Amino acid sequence: MREMAIEALKSVIPEAVPIEVTVPDNDTHGHYSTNVAFRLAKLRGAAPIAIAESLKHELEARGSFARVEVAGNGFINMWLSHESLEVELADILKKKKAYGTSTLPRTGRRKIQIEYISANPTGPLTLANGRGGFLGDALANIFEAVGHTVEREYYVNDTGNQVRTLGLSLLAAQGLIPDEEKFYKGEYVKEWAHKNASLVKRYAKKPETLGARAAAYFLSSIKKTVEKKAGIHFDRYTSEARHIHAKHFTDKAMTMFKKKGLVYESEGAVWLKTTDFHDDKDRVLITKEGAPTYFLADAGHYLETEKRGFDTKLIILGPDHYGYVSRIQAAAAIVGIEHSHVLITQAVRLIQGGEEVKMSKRKGTFVTFEELIDEVPKDAARFFFQMISPDTHMDFDLDLAKEHSLKNPVFYAQYAYVRTRGIIKKAGAVKGKPDFSLLESDEDMRLMRKLAEFPDVVRDAADTFAVHHVTRYVLELSKLFHNFYEKEHVSGVEERLGMARLALVSASAIVLKNGLTLLGVSTPEKM
RNA sequence: GCCCCUGUAGUGAAACGGAUAUCACGACAGGCUUCGAACCUGUUAUUGGGGGUUCAAAUCCCUCCGGGGGCACCA
């Protein structure tokens, strides 16, 4: 819908200025509004008001809007005609599930790999893992909706230091070796070690193998939590051992770096000149002990991704990985990934009994994501995390979460959907060709306009990675639907109006469902 | 010390540099003879302090104060 407003403005503005169109909160400022007169003021050397007035006349002559007004000191406010809303309403009813999706032109279509969670399989998931998981899952849905090809990846660090440490931690838990500071201490370590006591004993001399066995178990338990309980999906669990090392991508990355003259030796270690790519210091590829670093393995991973044909890579990391961003971006640039994005989600601070709970996976003092998802309904957890920006530092009150299902408005949105279903069940399907011109009340029209915004919201969310905008939109739409429901009726009104309203309710059901589905939130028929 | 994020109603959050700062929860005051009240209608903020840029600042710049997280040959 907004595209239409932009097109109309472009047709009357010869200059190449960026045209921004907003949807004001308040109807008195139009259905759409633009500040373009301010932008043109300098270019044309005229006052914004004068420019706005002349644009207004041109727009009126063109007849794209029902009404055009100049307001304030130069805003141009535009009101959609009722007909254009009717056309959009018909479009929703026609496209149904597909409403809100787009087909990008070939040039804009991308092959995106989005990586999220990727927690080491050395124990249960943290809340931050969950936050990133929800974000990644919904973002993947949104990318697909706007026409990109998407792979959802969980990268599994199933070899190397951490796995060895896990093995050693298990041995220590069984008292076979002395405990050390760096070992994993959580209950889950002891538990696994006790349950698999004979295995632990058998591999006492092979901590790597033992760690790998335990890691396989933890991974399957992570999969269960994530896929079954949280509804977070993956297309591929990429194994560092099998997909990267076994296929020599680490070596291939090293060869590539050398060929490009970006590798040098110093202090007995091998370094990559990441400073050529906006990093603040160079990074080690091979330690002086001769071991490849994780960074080299990750570079291999990025190379593998590029070789499999992805032009865009998006990775979601927790705040503790902030220091890793510039080096991974350097690696992405070198291996030739066209678009590489790193999204950092901010911390989730846990409050319990009014006090902060310090979380440490290594020390084992943390609330797991699994615990959360067992306590709080999946839909509530998802909605709650997905309605706020990933940049926000969250204070998460666990007591409150348990008591009130996060006190979150997911039920508000779901209930709006339930109401649409209730009406449709009672009134039956839309018959014939309803006369949408009868939808004239404020509630009717506000709802129609909100529905028409949906495709714009999805597209913007895809462009800016802002999942929470979709969540907010669903809430706004729910509110307008509840308002509509309160004031207007489908049954007990004049028959043709009732039919038009029924169509509007059906359209609302479609958009609510499409929106909630993008967010991975279910749409119950009853509550 | 350097870098990233952040400070908005009692609480948790929202707001491409735009016009009267949005939502939920809580509190208080109201609302069911018709499609389920898990709903609706009111009241509740000079956006941490101070400068600056701009026609326009919660948003950008400087500075001060307060939170969180990074600065490994760990990831």
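In the predicted model, the surface near RNA strand B comprises 25 nonpolar, 28 polar and 14 charged residues. Of the 67 residues that surround RNA strand B, those that come nearest are Ser-33, Thr-287, Tyr-294, Gly-323 and Ser-389. Several elements of secondary structure give two or more residues to this surface, namely strand E4 (75–79), helix H12 (294–307), strand E15 (394–397), helix H17 (410–427) and helix H19 (467–487). The greatest contribution to the surface near RNA strand B is that of H19, which supplies eight residues.

Chain A is divided into two domains, domain 1 spanning residues 2–80 and domain 2 being assembled from the segments 85–106 and 409–518. The centres of domain 1 and domain 2, taken over C-alpha atoms, are separated by 27 Å. Contact between them involves four residues of domain 1 and four residues of domain 2. On the side of domain 1 that touches domain 2, two residues are nonpolar, one is polar and one is charged.

An open sheet of four strands is arranged in the order E1-E2-E4-E3, with antiparallel pairing. Its edges are formed by strand E1 (21–22) and strand E3 (67–71), each of which pairs on one side only. Two bridges connect E1 with strand E2 (residues 32–34) in the antiparallel sense. Within this pair, Thr-22 is placed opposite Ser-33 of E2; Ser-33 is also among the residues that come nearest to RNA strand B. Strand E4, for its part, is one of the elements that give two or more residues to the surface near RNA strand B. Helix H3 (residues 48–62) lies across E3 and E4 and runs at about 180° to E3.

A further open sheet contains five strands in the order E7-E6-E5-E11-E12, and here the pairing is parallel. Strand E7 (236–239) and strand E12 (339–344) occupy the edges, each pairing on one side only. Averaged over the sheet and with direction ignored, neighbouring strands are turned by 25° against each other. Strand E5 (residues 111–115) and strand E6 (residues 149–156) run parallel and are joined by five bridges. The bridge partner of Ile-112 is Val-150 in E6. Helix H5 (residues 127–145) lies across E5, E6 and strand E11 (312–317), with a direction at about 160° to E6.

The packing of helices was examined for H6 and H7. Two packed helices are described by the angle between their axes and the distance between the axes. Helix H6 (residues 161–173) and helix H7 (residues 187–195) pack at an angle of about 70°, and their axes lie 9 Å apart. Angles of 65 to 115 degrees count as roughly perpendicular, and H6 and H7 are therefore assigned to this class. At the contact, Ser-169, Leu-170 and Ala-173 of H6 meet Val-189, Lys-190, Trp-192 and Ala-193 of H7. The residues of this contact divide into five nonpolar, one polar and one charged.

Definitions and conventions:
Residues are numbered from 1 along each chain as its sequence is written. Chains are lettered from A and ligands numbered from 1 in the order in which they are written. This is a predicted model: local features need pLDDT of at least 70, side-chain atom pairs count only at pLDDT 80 or more; totals for chains, interfaces and linings use all residues. Two strands pair if DSSP finds at least two bridges between them. Axes are lines fitted to C-alpha atoms, for helices over the stretch in contact, and angles run from 0 to 180 degrees between N-to-C directions. Two residues are in contact if their C-beta atoms, placed from the backbone, lie within 7 Å. A residue is near a molecule or strand if its C-beta atom, placed from the backbone, lies within 6 Å of it. Ala, Val, Leu, Ile, Met, Phe, Trp, Tyr, Cys and Pro count as nonpolar, Asp, Glu, Lys and Arg as charged, and the others, Gly among them, as polar. Domain bounds come from an automatic or database domain assignment. Angles under 35 degrees count as roughly parallel, over 145 as roughly antiparallel, 65 to 115 as roughly perpendicular and the rest as oblique.
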